[in-house]
Amino acid sequence: MTTRIPCVRGLLLVAAACLVPALAAAQGNLSVQGLGYPPGQFSARSLGTGGAIGEMDPTSPVNPAAIIEFGAPALSMQMEPEFRSVTANGSSQSSSTQRFPVFVAAMPFGEHFMVGASSSTLLDRSWQTTSPQQQLIAGDTVRFNSTTKSDGSLNDLALTFAYVPRSWLRLGVALHAVNGRDVVTTSRFFEDTVRYGNTSTPIATTYAGNALSAGVEFVEPSLGGIAISYRRGGPLEQKIGDTTLATAHVPDHFGVGVVFSGFSGTTLAFRTAYDKWAALGSLDAANGAAMNSWDSSVGAEFTGPRLGDIPLAFRVGSRWRNLPFPAAGHQVHEGSLAGGVGLTLAQGRVLFDAGLVRASRSAGIGVTESAWTLSMGLTVRP
Amino acid sequence: MHLPRSRWVVFAVAAVVAAGIGACSDNLESNAACPSLCPGLADSLRDTVVDAVMIDSSVSGFPAIGQEPFLLIGTRGDTLDTRAIIRYDSLPTFYVPTNSPTDSAIVGVDSASLMLRVDTSETKPGAPVTISLYDVDTGGTDSSATDTAVAVLAPLFSPDRLLGSKTFAPESLVDSLKVPLSNDSVYYKLSHGRPLRIGIQVTGTDRAQIRIGTSVNFVPPQLMFKPAPHGDTTGVTFLSLSPMTRTPVGSPLINDLQDYLIVLKGTPNTTAPLLTVGGLPGHRVYLRFNLPSSIVDSSTVVRATLLLMQVPNPLSPDARDSTTVWPQALLASSAITDLGRALRLLAAAGAIGLDTLERFAPADSGLRQFEMVQLVRAWHTGLTATDPRALALRTALEGESGAEYWFYSSKGPLALRPRIRLTYAPNRSVGGSP
């Protein structure tokens with residue numbers, strides 16, 4: 001059965017399809033171009049090392065095999081405010097956004113099997129710009145501020161199964177539902193509010209896709225380990241209402257992490273990952289299609305002194321990567337330095353991790369962006 | 001106080017978490033990279049003028065009798081002759097003397113007068129003004145419809161019914177004017193159980209008019225007298241009475257006929273295809289629109305302006321004095337088909353964003369604009385009961401001023417008819433709201 005869309009509605013949909021990418025593509029920041037900024041799906045602990053331990057960190061839903069590291073029922077959540085500053089033409093402006101990027105729950109079944117569920121932010125698309133406009137209407141110059149605001153994200157909901165067939169081998173698979181909703185609201189705020197009525201027009205876009213991932217860890221407790229993960233993206237649809245605007249694929253992801261713990265009290269880590277963001281195709285690509293990118297980091301975790309009966313861990317790391325969506329046609333590069341601290345409270349039942357990341361972003365277009373990200377994670381093992 | 005280190009750590013963790021929660025509010029605004037990285041204006045505003053008036057009509061009789069907050073009493077030669085009627089349908093026959101525990105019958109009246117509260121802003125000084133008070137009792141025992149008829153009341157303003165008068169010099173026209181009344185007439189009325197109904201006429205040589213307060217705004221004329229015969233008023237204080245009417249119970253006018261205006265000569269009517277606003281008796285204009293749904297229902301209207309072409313009215317009283325013509329939303333649903341009734345059910349002036357930014361005089365001419373964007377939006381969203389997409393026009397001093405405005409109607413010359421200018425942004429919202 002086919003459904004005929006009435007002519008006017010059809011025209012509106014076509015217009016919306018044309019306008020949504022145009023509105024959403026450019027947003028006054030380097031980091032949230034296109035479909036948004038990828039926080040990386042890292043926990044506060046991983047971020048403290050620049051993401052270097054992410055492949056083997058159970059609180060970072062990157063490698064399905066890693067959740068086995070919980071070893072017990074666990075619940076982990078995270079908050080992550082970011083404070084950005086964009087500099088262009090000699091002037092700077094600060095903004096801030098609040099993220100809750102990772103939520104992980106895991107439950108063991110027997111000694112060798114664990115099931116987990118997680119929700120993490122794949123792309124964060126929160127931004128707002130305001131620019132003064134004027135238009136000549138019937139001989140009058142009408143002045144107003146035009147504000148465009150985007151509020152939304154793409155989330156990765158994963159159901160994870162991990163298995164330990166041997167003491168040195170961990171395996172995992174995960175089913176992913178990549179869903180999201182983004183509301184781009186364009187508003188006009190007139191100087192003369194007696195004659196003119198302000199406008200606010202929201203356009204809600206939804207995304208639905210899926211993916212499948214698998215991971216493996218090879219562990220030698222006295223030396224460290226190697227972890228590998230791969231996510232195969234399935235179809236991804238962009239819709240307005242019940243009308244499909246565009247189709248693409250969830251980006252494939254490949255990551256490798258190496259951890260060396262041969263020095264007492266010290267863990268050294270390296271990780272690199274490749275994301276095939278180009279699979280997003282033409283979704284919100286008015287300012288340039290998404291580009292594949294590498295994401296690499298090195299870091300270390302040190303066992304620190306004890307504060308009373310509380311053990312401490314310190315972390316440092318560095319990360320460099322390209323962001324998926326170009327700014328004015330140029331790929332955005334991000335380099336960051338990170339540090340963090342971890343505390344084990346309540347006789348090991350509560351883990352508190354905090355990380356601080358200083359990131360610098362540029363695209364070679366005369367606009368630079370820097371950001372402080374404060375990441376706080378709480379893991380409870382009842 | 002000494003705390004273990006672990007406690008300090010817990011406090012530190014709590015402080016960091018609190019700082020994070022404190023940063024929960026987003027501040028997403030970022031414009032430093034504009035315009036290179038900012039979205040441009042998605043679509044420009046569009047503008048059109050439409051002949052959207054479906055029905056336009058002037059209806060007189062506003063405000064309703066007895067609903068006037070002020071009464072404009074004047075004799076303006078060829079342009080205006082209005083009189084006020086004040087009713088004291090029940091007069092006391094007993095009073096309580098000072099320092100007496102018992103009532104005493106009123107056996108005489110002394111120092112009778114009518115105290116008028118005057119809005120001096122509408123007084124036209126320049127020459128002496130005479131205020132004359134007449135007995136306009138029609139002789140019936142109760143109020144009836146004919147009691148308010150001009151044809152019945154006008155002949156009663158005759159010299160043989162004069163109750164009193166006083167001439168005021170221009171400088172003595174202040175906010176309280178006391179006009180003497182015949183003591184004998186007042187006593188006759190109260191002693192014979194007759195209503196005292198006073199007609200007020202204002203005369204003079206040059207634009208004689210005053211504007212007095214009424215029961216509607218709680219400053220009605222007061223009947224004052226000493227309830228004792230002349231020469232026997234020692235220790236007797238004044239009685240002060242507010243207007244009172246014996247309108248039969250059940251009459252829609254039960255509370256309205258305490259004080260009201262009659263118009264012997266109203267502002268001039270016109271046979272031209274014009275819309276009339278204001279004047280005496282007051283006119284309101286009813287305008288119903290048929291707006292193009294392709295704009296109103298499928299776009300976001302950012303400005304809607306009613307355009308009316310004013311025609312000069314040199315015959316209007318105070319033709320050179322500026323005042324305001326209000327656009328007001330109608331609350332009457334389409335079930336009310338009588339335009340006069342519909343025009344009585346108006347939203348408050350200024351409600352739903354209706355406004356006019358201009359003041360102009362009846363003798364002026366030119367294009368007048370009335371802003372109505374919020375009302376047009378309300379029609380679209382169904383926030384008002386105004387099934388008919390209609391609007392009323394009235395003067396700010398309706399019934400209190402003779403100013404009468406003329407505008408071309410939809411029967412006027414094509415280029416001068418009422419129109420609506422719409423400025424709008426095409427709608428793009430097809431995905432729901434946030």
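**Exercise 1.** Is B:Gly235 buried or exposed?

*Solution.* Start with the convention: a residue is buried if 20 or more other C-beta atoms lie within 10 Å of its own, exposed if 12 or fewer, and partly exposed in between, with C-beta atoms placed from the backbone. B:Gly235 has 10 other C-beta atoms within 10 Å and therefore counts as exposed. The structure is a predicted model, in which local features need pLDDT of at least 70 and side-chain atom pairs count only at pLDDT 80 or more, while totals for chains, interfaces and linings use all residues. Residues are numbered from 1 along each chain as its sequence is written, and chains are lettered from A and ligands numbered from 1 in the order in which they are written.

Next, place the residue: B:Gly235 is found in the loop between strand 13 and strand 14 of chain B, where helices (H or I, at least four residues) and strands (E, at least two) are DSSP runs numbered from the N terminus. Once neighbours within four places in sequence are left aside, B:Gly235 is in contact with B:Pro97 and B:Thr98, a contact being two C-beta atoms, placed from the backbone, within 7 Å. Finally, the C-alpha atoms of B:Gly235 and B:Ser60 are separated by 51 Å, with their positions 175 residues apart along the chain.

**Exercise 2.** Describe how chain B is divided, and how its two domains meet.

*Solution.* Begin with the whole chain, which has six helices and 23 strands. Of its 434 residues, 42% count as buried, and of the contacts in chain B with a separation of 6 or more, 80% are between residues 24 or more positions apart.

The division is into domain 1 (47-62 + 267-426) and domain 2 (81-265), with bounds that come from an automatic or database domain assignment. The C-alpha centres of domain 1 and domain 2 of chain B lie 38 Å apart, and four residues of domain 1 are in contact with four residues of domain 2. On the domain 1 side, the touching residues divide into two nonpolar, one polar and one charged, where Ala, Val, Leu, Ile, Met, Phe, Trp, Tyr, Cys and Pro count as nonpolar, Asp, Glu, Lys and Arg as charged, and the others, Gly among them, as polar.

**Exercise 3.** Which residues have the most contacts inside the largest nonpolar core?

*Solution.* A nonpolar core is a set of buried Ala, Val, Leu, Ile, Met, Phe, Trp, Tyr and Cys residues joined through C-beta atoms within 7 Å. The largest has 50 residues, and those with the most contacts inside it are B:Tyr286, B:Val301, B:Met372, B:Leu375, B:Val376 and B:Leu391. Its largest share, six residues, comes from strand 18 (residues 299-311) of chain B. Apart from this core lies another, of 45 residues, including B:Ile85 and B:Phe168.

Taking B:Leu391 as an example, and leaving aside neighbours within four places in sequence, its contacts include B:Leu287, B:Leu306, B:Met372 and B:Leu375. Strand 18 of chain B is also joined antiparallel to strand 23 by eight bridges, with B:Thr305 having B:Arg421 as its bridge partner in strand 23. Two strands pair if DSSP finds at least two bridges between them.

**Exercise 4.** Why is strand 12 of chain B described as largely enclosed by the rest of the structure?

*Solution.* Six of the six residues of strand 12 (residues 208-213) are buried, so the strand is largely enclosed. Sorting by direction, B:Ala208, B:Ile210 and B:Ile212 point one way, whereas B:Gln209, B:Arg211 and B:Gly213 point the other way. Strand 12 pairs with strand 3 (residues 70-75) of chain B in the antiparallel sense over six bridges, and B:Leu72 stands opposite B:Arg211.

**Exercise 5.** Which strands stand at the edges of the open sheet with the order 10-7-13-14 in chain B?

*Solution.* This sheet of four strands has antiparallel pairing. Strand 10 (176-180) and strand 14 (239-241) stand at the edges, each with a single partner strand, so one side of each is left without a neighbour in the sheet. Strand 10 is joined to strand 7 of chain B by five bridges, and B:Ser113 has B:Pro180 in strand 10 as its bridge partner.
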